[in-house]
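Got your viewer open? Let's take a short walk through this model, one selection at a time.

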Protein chains: 4
Amino acid sequence: MSRPRSDQRRTGILDAATRVIASRGLGAAATAAIAKEAGVSNGSLFLYFESKSTLLNELYVQLKAEVGDAAMADMPDQGSTRDLVRHMWKRWLRWATSNPEKRRTLAQLEVTDEISLESHELVRDGQRLMSELIERSRAGGPMKDEPVSFVLLVVGAIADTTMDVMIRDPDGADARSDAAFEAMWRVLAG
Amino acid sequence: MSRPRSDQRRTGILDAATRVIASRGLGAAATAAIAKEAGVSNGSLFLYFESKSTLLNELYVQLKAEVGDAAMADMPDQGSTRDLVRHMWKRWLRWATSNPEKRRTLAQLEVTDEISLESHELVRDGQRLMSELIERSRAGGPMKDEPVSFVLLVVGAIADTTMDVMIRDPDGADARSDAAFEAMWRVLAG
Amino acid sequence: MSRPRSDQRRTGILDAATRVIASRGLGAAATAAIAKEAGVSNGSLFLYFESKSTLLNELYVQLKAEVGDAAMADMPDQGSTRDLVRHMWKRWLRWATSNPEKRRTLAQLEVTDEISLESHELVRDGQRLMSELIERSRAGGPMKDEPVSFVLLVVGAIADTTMDVMIRDPDGADARSDAAFEAMWRVLAG
Amino acid sequence: MSRPRSDQRRTGILDAATRVIASRGLGAAATAAIAKEAGVSNGSLFLYFESKSTLLNELYVQLKAEVGDAAMADMPDQGSTRDLVRHMWKRWLRWATSNPEKRRTLAQLEVTDEISLESHELVRDGQRLMSELIERSRAGGPMKDEPVSFVLLVVGAIADTTMDVMIRDPDGADARSDAAFEAMWRVLAG
DNA sequence: TATGAATGAGGTTTCATTCAT
DNA sequence: AATGAATGAAACCTCATTCAT
């Protein structure tokens with residue numbers, strides 16, 4: 001019938017947005033700049049995304065899902081809880097250091113009020129696997145009586161901080177990662 | 001030209017900016033809105049601050065200093081390191097829960113690329129006292145060989161997360177604060 | 001290239017345009033909206049009409065012809081001039097009240113500068129029958145020495161106003177119609 | 001204190017809008033075009049008018065008031081009703097022929113759905129004087145039992161049509177005006 | 001010094017029209 | 001012939017900053 005709407009193009013726009021936000025900041029991420037970076041006309045962007053706001057929200061949800069998937073990928077089906085958490089930790093940080101732009105972009109989106117409550121909920125739903133692992137790990141730790149959501153936020157904050165530092169100074173990345181894991185593990189398991 | 005004298009006005013503008021950013025978000029913080037909130041004319045704002053960017057940078061540095069001062073105020077000159085850190089922790093979180101708008105604003109400014117490298121350095125300098133306390137505390141912990149700056153960032157991230165959750169749900173504030181302190185202390189002192 | 005054949009589609013698009021303009025106003029009548037309302041693809045519209053302007057012009061001419069035809073239909077071949085004019089008047093207004101959307105759309109098109117001089121001339125040509133009737137009627141009236149085109153415009157203006165009021169308040173329609181006919185007749189025949 | 005907001009500028013913008021709409025049509029009356037025509041910056045327009053819509057509404061109300069004022073100006077305090085109506089008619093048409101652009105613009109604004117109900121009501125209120133004169137005149141005529149608002153609309157329609165024809169062909173203006181007055185008078189007084 | 005009017009670049013979004021399928 | 005994705009030129013409006021008063 002006609003040229004089919006292309007998933008590649010959609011993805012291309014999201015990728016372009018990631019790059020623009022990472023390099024120039026959210027404040028300078030004009031739709032025109034994103035479209036240009038994606039090699040797409042100004043109007044096409046609005047064919048694939050209803051508004052700039054939906055674009056940002058979808059990008060946020062997708063990136064969050066990507067981190068979550070990366071962290072839980074290839075999870076062994078046996079081993080001590082500590083080993084499982086360590087696996088998660090490694091994958092998590094590896095994703096960040098391999099995708100510094102996505103990490104930077106995510107950090108910016110995390111605080112905007114452009115991101116709707118609904119998107120935040122979608123993200124929470126997608127983190128069920130991580131939540132469950134955290135839940136199991138904290139049994140004997142200092143946060144055993146706190147809401148899981150809070151524990152997850154704290155662990156996430158430590159991870160994010162570690163990522164940022166690792167990205168900024170790749171030489172010390174391994175040392176940072178290991179030390180932070182030990183620290184984080186104590187937060188959970190005491 | 002020369003610095004205008006009314007410090008009251010300067011402060012008024014900074015306070016207004018805090019309120020506007022906290023309530024409406026950084027994206028909607030037009031200079032006109034800030035001026036209006038401050039009860040000052042549009043143009044006056046630029047007599048006190050060279051540009052919007054300067055204003056935001058000064059606000060950031062000032063708020064960061066305020067948190068630091070609050071955290072280290074009334075520090076007893078003796079007591080175990082743990083007690084000192086506990087003191088810091090309590091003051092720190094109390095400041096945040098007493099100043100939710102400032103906390104919210106700070107969270108927004110933290111990620112903008114509007115904040116210059118210089119401002120970030122200024123902030124680091126102002127945190128010397130905290131740094132030293134952290135330095136002393138971590139001696140036997142899992143992060144004993146990491147750069148202090150990194151440790152400080154991790155501790156700060158835990159604190160910020162705790163603050164945000166406490167502000168969002170004041171009922172559980174005390175439980176959150178205590179549990180997070182124990183967790184944080186393990187990060188430091190193992 | 002050559003005229004596409006499906007007259008049904010052509011008509012469907014014109015009808016859709018009528019509906020869209022009547023309900024949403026000429027300013028909101030995007031070609032995409034018209035195509036959608038017609039159940040036809042975006043691009044097809046331009047197979048049937050060279051441009052939006054052509055579409056509007058054709059719609060205008062067609063609607064005007066329709067009113068004219070309706071007004072002169074079933075005209076008896078004898079009777080006093082007054083009876084003939086009365087017949088015309090009745091049919092004219094009946095068409096309008098039976099086709100409020102077409103009437104509304106026509107009112108909008110009447111003033112746009114989108115309508116070309118040529119279209120206006122086409123319309124005038126199509127109103128020859130009405131013109132002749134008016135011509136005969138005004139013999140003894142106050143406008144007996146004016147250009148027929150002017151008289152026709154005046155009569156049309158009275159009719160349009162009456163229609164609009166009738167459509168807006170159907171209860172008083174008959175009273176309006178009768179009174180306005182008497183008034184109009186005096187304009188013609190004094 | 002500062003440069004005062006200038007009524008001249010406000011008026012200048014309204015005048016510019018009138019000119020642009022009259023010459024290029026409402027569809028081509030971009031705010032940028034209006035601003036340029038007014039010799040004012042793009043942004044200034046929005047300092048004087050909240051939105052394009054308010055600008056158009058104010059223009060409409062103002063022009064309508066102007067016509068009404070013009071029509072009722074210098075009304076003698078005695079004389080037959082017919083003389084008074086004739087006075088109104090003359091002034092009314094004179095205004096239109098002296099202000100062809102305003103007349104054209106008004107014709108365009110009259111049908112837009114950009115004009116709010118409130119504006120239409122404002123206009124109606126401003127036409128009380130005319131209404132009263134019409135009311136008195138129609139006592140023995142064919143429309144004596146119709147709503148005044150309807151009669152006013154009909155008279156207005158005749159006037160508008162006459163104006164348009166007069167403007168288009170100034171040579172026959174006087175003949176048109178006189179004939180149309182006689183016709184209109186019969187509508188009222190039979 | 002203080003005011004707020006003035007500026008114009010830039011932002012998001014719409015839409016008539018073209019073109020690949 | 002038919003589709004609907006693609007285009008890019010506007011359109012309206014905001015806002016940091018300057019400038020007349």
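How many residue pairs are in polar contact across the interface of chain C and chain D? Select both chains: the rule finds 3 such pairs, with both residues at pLDDT 80 or more; a polar contact is a pair of N or O atoms within 3.5 Å, where within protein one must be able to donate a hydrogen and the other to accept it, and residues adjacent in sequence count only if both atoms are side-chain atoms.

Before going on, note that this is a predicted model, in which local features need pLDDT of at least 70, side-chain atom pairs count only at pLDDT 80 or more, and totals for chains, interfaces and linings use all residues. Residues are numbered from 1 along each chain as its sequence is written, chains are lettered from A and ligands numbered from 1 in the order in which they are written, and side-chain values use heavy atoms, without hydrogens and water.

Next, color α6 (100–111), α9 (148–168) and α10 (173–189) of chain C: each supplies at least two residues of the side that touches chain D (helices are DSSP runs of H or I, at least four residues). That side of chain C divides into 16 nonpolar, 5 polar and 6 charged residues (Ala, Val, Leu, Ile, Met, Phe, Trp, Tyr, Cys and Pro count as nonpolar, Asp, Glu, Lys and Arg as charged, the others as polar).

Now zoom in on Arg176(C) and Glu146(D), which form a salt bridge with their closest N and O atoms 2.3 Å apart. The rule finds 2 salt bridges across this interface (a side-chain nitrogen of Lys or Arg within 4 Å of a carboxyl oxygen of Asp or Glu).
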